[in-house]
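User: Please take a close look at one part of this model for me, the place where protein and DNA meet. I am new to this structure, so keep the sentences short.

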Number of protein chains: 2
Amino acid sequence: MGVSLKDVALRAGVSAKTVSNVVNNYPHIRPGTRERVQRAIDELGYRPNATARHLRTGRSGIIALAVPELGNPYFADLAAAVIDAAAHHGHTVLLDHTAGLRANETLVSRGFRSHLIDGLILSPIQLENEDLLRRPDGPPLVLLGEREYDAPYDHIAIDNVAAARLAVRHLIDLGRRRIAFVGARRESLRQPAHLRLRGWREEILRAGGTPSDDLVVATDGYDRADGAAAMTRLLALSEPPDAVFAYNDLVALGALRVLAERGLRVPQDVAVVGFDDIEDGRYAGVSLTTVAPDKAAIARLAVDCLITRIEAAPARAPFVPRRILPGHTLVVRESTTGRATAHD
Amino acid sequence: MGVSLKDVALRAGVSAKTVSNVVNNYPHIRPGTRERVQRAIDELGYRPNATARHLRTGRSGIIALAVPELGNPYFADLAAAVIDAAAHHGHTVLLDHTAGLRANETLVSRGFRSHLIDGLILSPIQLENEDLLRRPDGPPLVLLGEREYDAPYDHIAIDNVAAARLAVRHLIDLGRRRIAFVGARRESLRQPAHLRLRGWREEILRAGGTPSDDLVVATDGYDRADGAAAMTRLLALSEPPDAVFAYNDLVALGALRVLAERGLRVPQDVAVVGFDDIEDGRYAGVSLTTVAPDKAAIARLAVDCLITRIEAAPARAPFVPRRILPGHTLVVRESTTGRATAHD
DNA sequence: CTGAAAGCGCTTACAG
DNA sequence: CTGAAAGCGCTTACAG
């Protein structure tokens, strides 16, 4: 601990500035000087103090990523991808989980720890538009995911309506007519699952069907337990569904489990489609058909976008929020076709 | 941006030191002074700059957690628990994933970013003893997990031998005699799965059986795909196993998937036990019997231990490494008993 | 109970 | 191409 620039400068017989220049690859240094400094650095085992640098330059090289739950493999995968993308730019990621609670999301967006980070990527669940509008000046913020806002922030998300329509069309093409949507919320129009629910509705209408409210099930959260509870409710209907489109894979897996417990066949009795393409779905007893967002692209685009904002920060040009749409695909597996696709 | 102590001091008509005292809850301040300072803080919206504080005190309030894969729900859960435990002490967690690679693990243990963090919790897979012995002075390090080392570092891990014996005894009690172990490694005696393999061997011997090398399958990693490949190999044996004890739940789930594809019944044809108690196992088509380490306790003990070391750091008392053993239990589900336990 | 000064380890104008 | 000085925003002895 405690080899500083000054120690290196002393040993190399130069000023601190010259050492700093060498460390930061400043190009115009006499080769002999550079060599002498480099030797001193190696001999002393000097490593620059990032904190001092941060205090001086205002840049920490750290970005924060806030997701609802690390325990949800989708977000764990996304986090891993963001960490990789950030490392690619020489940045480190500080990870927060908000539990999808509005209070936590607001706190995070307000720049909790704002002195430490250069920027923030936030995937909100309950955050409201007004929370965002009241956000004080702070490091750049990039939003992720299905929630939509009227606020001047960049937003990266796949086309959730189109993706949901793709899933529902697949079920319709397979001859299903009573297609449930699992994972709505009660509270607000801007609810988390708003766009996916809209896609469900639009596609049923397009096919000449009637979207029935009985088949829209609200859940408290988006975990397996929520899917299991919702499926139980659906099976109690006088006319149960012949297909389920779930807000995400965890909810779909919970539904699959209840169907298995009841001895119902998937997909013959009930077909199931999820959303996220987490690995669990590929290895489930009945492998899960799902909408696969391009996670690597989402992570890369989010990090690129954030870093662009960070580097543009001094130049106070008029801010035009960006809306970026990564791609998605439908991955068809046993839970809709019954065909025993291998797990890989 | 940019309200500093000095601004607050100016407005409150006191010195910077007094503001600092108020911010840090130094007890002996005249009530009137405190109030005046607090008002200035509120009016200006002052928030202390953590970076400057860090530079001055040498404490950042950040600890790092390095795990092999965030995509493994066990580590995602553990990370969430560590984040909570650290928050409880007012610390923030910087998350790293090493992909279980020796080079990354070494880098991390060497205090990559050591200027930024107060301490490090590392869950190694391939790290060798010599890597640890060559570690230069740096922030306190706490090790997690099954690997054992002869190095002066604290280590938190359940009793892996006892836990493995519990799992294998359960299979023996159910009448199984050809019990496979999936998840060994080729390389070293100090291999990752060493202790669990030893538990498997000891318990089979205790029951009067003969541990057969045919039934020990090495894997490249510890994911579902590894379990699937291993199960495929086991089923190709002239005398396949009637039970599988897997290194972890992901491997077990991969094995379950292959058994389902082959039309084999679980547990009638093959019983399966995993390790970790991740949520996926509870909701699997056939719910998974598993060894459940007390993750919350592991996280809490690791953070407590690390913080103790951080705070003791100045007092250079002789360092006695601590070995802490959190608890574990066996959670029995359908994959061994066939009883349709509800998913919750 | 409070103040003035020094310094944590860097980088950034400003000179030369 | 390199140096000497100032300063990022705090806290820590040292006084009083």
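Analyst: This is a predicted model. Start with the strand contacts.

Of the atoms of DNA strand D within 4 Å of the protein, 67% are sugar or phosphate atoms, and the rest belong to bases. Around DNA strand D there are 23 residues. Thr18(A), Thr33(A), Arg56(A), Ser20(B) and Arg56(B) come nearest. Both protein chains are therefore represented among these nearest residues, with chain letters A and B in the list.

Some contacts can be followed atom by atom. Ser20(B) places a polar side-chain atom 2.6 Å from a phosphate oxygen of DNA strand D. Leu5(B) uses its backbone instead: an N or O atom there lies 2.8 Å from a phosphate oxygen of DNA strand D. Arg56(A) reaches a base. An N or O atom in the side chain of Arg56(A) is 3.2 Å from a base nitrogen of DNA strand D.

Which elements give two or more residues to this surface? They are helix H2 (16-23) and helix H4 (50-57) of chain A, together with helix H2 (16-23) and helix H4 (50-57) of chain B. H4(B) gives the most to the surface near DNA strand D, with 4 residues. By class, the residues of this surface are 7 nonpolar, 9 polar and 7 charged.

Now turn to DNA strand C. It is surrounded by 23 residues. The closest are Ser20(A), Tyr46(A), Arg56(A), Thr18(B) and Thr33(B). Of the strand C atoms within 4 Å of the protein, 68% belong to sugar or phosphate, and bases supply the rest.

The polar contacts can be listed here too. A side-chain N or O atom of Ser20(A) is 2.6 Å from a phosphate oxygen of DNA strand C. Ser15(B) brings a backbone N or O atom to 2.9 Å from a phosphate oxygen of DNA strand C. For Arg30(B), a backbone N or O atom lies 3.3 Å from a phosphate oxygen of DNA strand C.

At least two residues of the strand C surface come from each of H2 and H4 of chain A and H2 and H4 of chain B. H4(A) gives the most there, with 4 residues. The surface near DNA strand C has 7 nonpolar, 9 polar and 7 charged residues.

Next, the part of the chain around these helices. In chain A, residues 3-57 carry the annotation "domain: HTH lacI-type", which comes from an unreviewed UniProt entry. This stretch is 69% helix and 0% strand. Its end C-alpha atoms are 20 Å apart.

How does this part sit in the whole chain? Chain A is divided into domain 1 (5-48), domain 2 (58-157 + 294-313) and domain 3 (160-293 + 330-337). The centres of domain 1 and domain 3 of chain A, taken over C-alpha atoms, are 62 Å apart.

Chain B offers a view from its start. Gly2(B) sits in the segment before helix H1 (5-12) of chain B. Gly2(B) counts as exposed because its relative accessible area is 65%, and the cut-off is over 50%. The C-alpha atoms of Gly2(B) and Ala163(B) are separated by 54 Å, with the two residues 161 apart along the chain.

One last point concerns the cysteines. Cys305(A) is buried because its relative accessibility is 1%, where buried means under 20%. Cys305(B) also counts as buried, at 1%. Over all chains, the structure holds 0 disulfides.

Note on methods. Residues numbered from 1 in each chain as written. Chains lettered and ligands numbered in written order. Predicted model: local features only at pLDDT ≥ 70, side-chain atom pairs only at ≥ 80, totals over all residues. Heavy atoms only, no water. Domains from an automatic or database assignment. Polar contact = N/O pair within 3.5 Å; in protein donor to acceptor, adjacent residues only side chain to side chain. Nonpolar A, V, L, I, M, F, W, Y, C, P; charged D, E, K, R; others polar. UniProt positions renumbered as here; feature names shortened; annotations may be inferred. Disulfide = S-S within 2.5 Å. Buried < 20%, exposed > 50% of the residue type's maximum accessible area, 1.4 Å probe, protein only.
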